[in-house]
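Colleague: I would like to learn how to read a model of this kind, taking one feature at a time. Could you show me the structure, and then let me ask about what I see?

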Amino acid sequence: QVQLVESGGGLVQAGGSLRLSCAASGITFSINAFGWYRRAPGKQRERVAIIRNDGSTTYADSAKGRFTISRDNAKNTVYLQMNSLKPEDTAVYYCNPFGYVTWGQGTQVTVSS
């Protein structure tokens with residue numbers, strides 16, 4: 001059974017940084033691509049970043065230049081380093097392996113102005 005546990009969120013001032021972690025279990029981690037997503041109040045879920053099994057990455061325009069997705073296959077963990085945070089980055093952040101319908105509980109990121 002796939003389990004995803006996100007952590008690292010919190011309250012930060014605009015311009016600050018956070019590093020999110022997503023620990024995955026129940027899957028063959030190294031062969032899967034992962035995405036980080038977010039859902040802000042009243043908005044649809046948005047995909048923020050992708051990391052493939054070869055380490056290549058893709059970012060949403062809103063994340064380019066500020067966010068960095070990475071993975072540690074030895075720890076079965078995906079990370080999202082978020083810098084230069086803005087109030088509009090406030091959302092619950094989730095990770096998800098491609099092709100799976102399982103979601104974790106997410107981690108709340110709140111950016112104050």
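Colleague: How many positive and negative side chains does the protein chain have, and how far apart do the centres of the two sets lie?

Modeller: Please keep in mind throughout that this is a predicted model. The protein chain carries 12 positive and 7 negative side chains, and the centres of these two sets are 1 Å apart.

Colleague: What does the surface of the protein chain consist of, and how many of its residues are buried?

Modeller: About 5800 Å² of the protein chain is exposed, with 46% of that area supplied by carbon and sulfur atoms. Of the 113 residues, 44% are buried, where buried stands for a relative accessible area under 20%.

Colleague: Which elements make up the fold, and in what order do they run?

Modeller: The protein chain has ten strands and zero helices, so that reading from the N terminus one meets β-β-β-β-β-β-β-β-β-β. Along the principal axes, the C-alpha atoms fill a box of roughly 40 × 25 × 20 Å. Among contacts with a separation of 6 or more, 53% are between residues 24 or more positions apart.

Colleague: What radius of gyration would a compact globule have, and what does the protein chain have?

Modeller: For 113 residues, a compact globule would be expected to have a radius of gyration near 13 Å, and the 13 Å of the protein chain agrees with that.

Colleague: What is a disulfide, and which residues form one here?

Modeller: In general, a disulfide is a covalent bond that joins the sulfur atoms of two cysteines. The structure holds one disulfide, formed by C22 and C95, whose sulfur atoms are 1.7 Å apart. Because C22 belongs to strand β3 (residues 18-25) and C95 to strand β9 (residues 91-97), the pair ties together parts that are 73 residues apart in sequence.

Colleague: Are C22 and C95 buried or exposed?

Modeller: C22 has a relative accessibility of 0% and therefore counts as buried, and C95, with a relative accessible area of 0%, is buried as well.

Colleague: Where does A91 lie, and what is it in contact with?

Modeller: A91 is placed in strand β9, and its relative accessibility of 1% is why it counts as buried. Once neighbours within four places in sequence are left aside, A91 is in contact with R38, R39, A40, T107, Q108 and V109. R52, by contrast, is 39 residues from A91 in sequence, and their C-alpha atoms are 24 Å apart in space.

Colleague: What should I note about the phi of N76 and of S84?

Modeller: N76 is not a glycine, yet its phi is positive, at about 50°; N76 sits in the loop between β7 (67-72) and β8 (77-82) and counts as partly exposed, at 27% relative accessibility. S84 likewise has a positive phi of about 50° although it is not a glycine; S84 is found in the loop between β8 and β9 and is partly exposed, with a relative accessible area of 41%.

Colleague: Which residues does S17 touch, and where does S17 lie?

Modeller: S17 lies in the loop between β2 (10-13) and β3, and at 40% relative accessibility S17 counts as partly exposed. Not counting residues up to four places away in sequence, S17 touches V12, Q81, M82, N83, S84 and L85. Between S17 and A49, which are 32 residues apart along the chain, the C-alpha separation is 16 Å.

Technical notes:
Residues are numbered from 1 along each chain as its sequence is written. This is a predicted model: local features need pLDDT of at least 70, side-chain atom pairs count only at pLDDT 80 or more; totals for chains, interfaces and linings use all residues. Side-chain values use heavy atoms; hydrogens and water are left out. Helices (H or I, at least four residues) and strands (E, at least two) are DSSP runs, numbered from the N terminus. The radius of gyration is taken over C-alpha atoms; the globule rule is 2.2 Å times the number of residues to the power 0.38. Buried means under 20% relative accessible area, exposed over 50%, partly exposed in between (1.4 Å probe, protein chains only). Contact means heavy atoms within 4.5 Å. Accessible areas come from the Shrake-Rupley method with a 1.4 Å probe; for residues, only the protein chains shown count as cover. Lys and Arg count as positive and Asp and Glu as negative; His and the chain ends are not counted. The place of a charge is taken as NZ of Lys, CZ of Arg, CG of Asp or CD of Glu. A disulfide is a pair of cysteine sulfur atoms within 2.5 Å.
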